[in-house]
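I opened this notebook to record what I looked up in the structure. My entries start with a single residue pair and proceed to the sheet and the nonpolar cores.

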Amino acid sequence: MSHSETHLILVVHGIGEQSCGETVDQVVAGAVARHPSRPASDLADAPISVQSSHLTLTEEDFTQTGDDPVQPVFDCHTHTLGPAGEGQQRAVFAEVHWSDLSPAPKGAVATILDLLKLILGLGYVALDNVENTKSSLFDRGLVHLFNWVFYGGIAVINAMLLIGTVLVLGNDYLPGVSYLSVLVVNVGLGVGLWAYLKHQGTKSPRFLLTVFRRGVLVWSWLTTLLLALSVFAPETVLTKFQSIFAALPGTVTAQSKGCAAFVALTDTNGDPLPLAQKFGIDSLSCFIEVNIFAMGLLWVFAALVVVVSLVGFKDTPKRIIYPSICGAMLMFWSVFTTGFWLVLQQLLGQLSGTNNTCAALVASLGDASSLARMTGGGQTAFGLLCLHMEQAVGTLAISVAFMLLTLAAAVLAYAVGARVIVNVWVRAILVVFPVALVLILILGGDITGNSLDANPFAPFRTLSITIALGVALLIYNFNETVAAALGVARDVIVYLVRAECKWTATPEQREGNYPRRALIEARFDRVFWFMLNALEPDRITVISHSQGTVVAARSLQRLMPELRAFDPTLPSRMHLITMGSPISHIYEEYFPENYPLTVAQISSDMTWHNLYRTKDYVGQTIGTTGIPPGNDLCVGHGGHSHYFTDQRVWTLLWERVGFRLFSTPPGMKRVSVPEYPTEAAQDPNSR
C-alpha cells in the first residue's frame, strides 16, 4: 500500500471581525470551487469527501510554568478533504482563531465605546514608533510624558467631572447633596475603580491602563486629604482657598461663580459658618470649575508637548509618526468628549424645561452672589454647563474641522491609489492640529475664561454640535461598516499593547512585554504543533491575511529552530502565503526593530508568496522581506477584505503560486516514501 499523503493547511485570519470557523470555511469554499485554472491533476472534477470538526485546545500546554496554573481554552475548527472512496490523499484545513482577543463591537453603543478605546489605545502605537525608530531619549520622554498627561490626567478628570455633574443634578433634585458628598463619592468611586482596574491589570497587564489607574489613585489620595482637612479644619481650607483664588487673574476667575461665592462665605461677625453652609451648592460648583480649569491646563500642556516634539521634524525620517499619532489622539478625544458634554447640556435643557435659555441662565449666574437660590428643577446643572461648556466650542470647532480634513485627505488618497494609512497628507494635517489647538484653547476662552459674547467661535457652536451628532448618527446607522473600518487599527493596537513601560529597553528586552501578542501567537503554536504531531503531514501551507500574516511570519520565525530539530526536511516542505499583508507597509516601516521579518531570518528553504491589491490600504508589496520579485503578486484592483473568496486570488494560487490540495506543487520538495510490495506482488505467479 502506498503512503497516505497529508497536506496540512493552517488558516490565520486578519482583522478581528470573524466568528470562530468563518475564515476556514471561506478558504475551503474557495479551494473546492470549480475554477478554470484548477488543474485536473488536483482531482478538480473528482468527488470530494469532507469531514468537519473542531478541537478545543488550551492557550498554553501544561509544560509552561506561571502564576496561574489554570489555562483558558479556545476552539480550532478543522475540515478534512479527500477524494471520495480513496484514503491515499487528504488535505486538512485548521484555523488559528484569535478575533475573540480583538473582538469587533456589536451595535451602535458598543461601536462608540470601541472607538473610544481605539482613541485611547493609539498611545501604544506612538510608544512603539518612537522606540523603534532610534529616537533620542528626549523624544521618548516626550511621548511618555504625553501619555501620562493624557491617560493619568485628562482621562481621569473627565471621569471625575461626570461624577461631579451627577452630584449637581442630585443637588437639583435631591436634598442634602453637597461638597462633602462630592468628596465621599469621589473617594469611594476612585478607590473602587482603582481596585477594579488593579484586578483587570492582574489578569491582563496593560501599561496605559496602569497609568490611568495611578491617576485615579492620585486623585483619590488628594480627595481624601481634602476631605479630612474640610472636616477637621474647615476655616483653614477656606482661608487658603480664598488666598489662591484672589491671586488668580480676573480673566481666569471671571466665570467661577461657584468659587467666588464659596470664598465669600463669612458672616457679619466673622464667626465660623456652619459646615452645611460652607459646603453647599456653591462649593459643589467650585469643585467642577476647578476641574474644568485643570482640564484646560492639561489640554494646553499635552498639545505643547506634541508641538515641542515637532522641533526638527522636517529633518526626521519618514517612518517617525508619533507626533501625528499624538495629534490624532487629541483630535478624536476632543471631538468625542466635547461633543458629549455639549450634547449632555442639550439633554439637561430638555429635562429641566429650560432649553434655549442658556443666555438668561448665564446672566442669572453672573448676577448671583450665591447659586443656592437657583437650585431645583435641574436649572443649576444646566446653567453650569451653559456657563462652562460653551467655552469648549472653539476646541470642538477646530477639532471637527481637522477631523473632516483628515477624512477628506484619506478618501482622496484612496481615490488616487496612494497610501491611506499614515498617508503623508493625513500626517501633515494631524501634526498641525496641536499647534492650532494651543492657539484655540487660549484665544477661544477655554483657559482665559472669556465670556460667551466674546468667544469668537460661538457662531460655530450649532454647526459643530450638528457635525458631532451627525458622526454619532452615522455610527448608529452604519455601525458594522464603521466597526470593520476600525478593525485595522484595533488589531494593530491589540498587537502592540504593552504590560510595562520599558522605554529605555532594547528590542530583545522588550520582546516579552506584549501580553496580547503572546496570547495570539501562542494559539498559532498550539494549533501548529498539535496538527504536526497528530497528522505527520508531508507538506504544510500557511494561508494568512492582514494582521494574520504578521502572526504567521513571527510565529514561524520563532518556531523554525524547533521545527528543524524536529525534522530537518520540514522547512523545505512549508509554504507561507500572505494576503493583504502589512509586514512591509506598516510594521517594517514604522516598527523596524521589533519586526525584522525576512525570508533569511525565517528560513531560506521555505517558499513564500504574497498577494496584494492595488487599492488595499493595509497590504501592498513586501519586498523588504527578501522574497523573490516573482513571488510578490498583484491580484488587481480592490480593497482589503474578502481575499479568500476572490476568484482572481484563486487564479493566482492555482497558476502562479502552484497551490494544490492533493498533489505536490511545483517548486516544493516531497519526501520520498518507499513502496511496500503487497503479497500478490511478491508472488510471481499471481496475475
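Entry 1. I looked up the partner of Leu-57 in this predicted model and found that Leu-57 stands opposite Phe-74 in strand 3. I then checked the pairing of the two strands: strand 2 and strand 3 (residues 73-83) run antiparallel and are joined by eleven bridges.

Entry 2. I next traced the sheet as a whole. It is open and has eight strands, in the order 2-3-4-1-5-6-7-8, with mixed pairing. Strand 2 (48-58) and strand 8 (632-636) are the edge strands, each pairing on one side only. From one strand to the next, I noted a twist that averages 20 degrees.

Entry 3. I asked which strands helix 23 lies across. Helix 23 (residues 647-657) lies across strand 6 (574-579), strand 7 (607-613) and strand 8, and runs at about 145 degrees to strand 8.

Entry 4. I turned to the nonpolar cores. The largest comprises 135 residues, and Leu-330, Phe-524, Phe-528 and Trp-608 have the most contacts inside it. Helix 3 (residues 137-173) supplies the largest share of this core, 15 residues.

Entry 5. I followed Trp-608 further, setting aside its neighbours within four places in sequence. Its contacts include His-575, Leu-576 and Thr-578, and also Ile-622, Thr-625, Ile-627 and Asn-631. Among the others are Ala-553, Ile-583 and Ile-602.

Entry 6. I also recorded a second, separate core of 27 residues, which includes Val-24, Ile-543, Ile-577 and Val-657.

Technical notes. Residues are numbered from 1 along each chain as its sequence is written. This is a predicted model: local features need pLDDT of at least 70, side-chain atom pairs count only at pLDDT 80 or more; totals for chains, interfaces and linings use all residues. Side-chain values use heavy atoms; hydrogens and water are left out. Two strands pair if DSSP finds at least two bridges between them. Helices (H or I, at least four residues) and strands (E, at least two) are DSSP runs, numbered from the N terminus. Axes are lines fitted to C-alpha atoms, for helices over the stretch in contact, and angles run from 0 to 180 degrees between N-to-C directions. Contact means heavy atoms within 4.5 Å. A nonpolar core is a set of buried Ala, Val, Leu, Ile, Met, Phe, Trp, Tyr and Cys residues joined through side-chain atoms within 4.5 Å. Buried means under 20% relative accessible area, exposed over 50%, partly exposed in between (1.4 Å probe, protein chains only).
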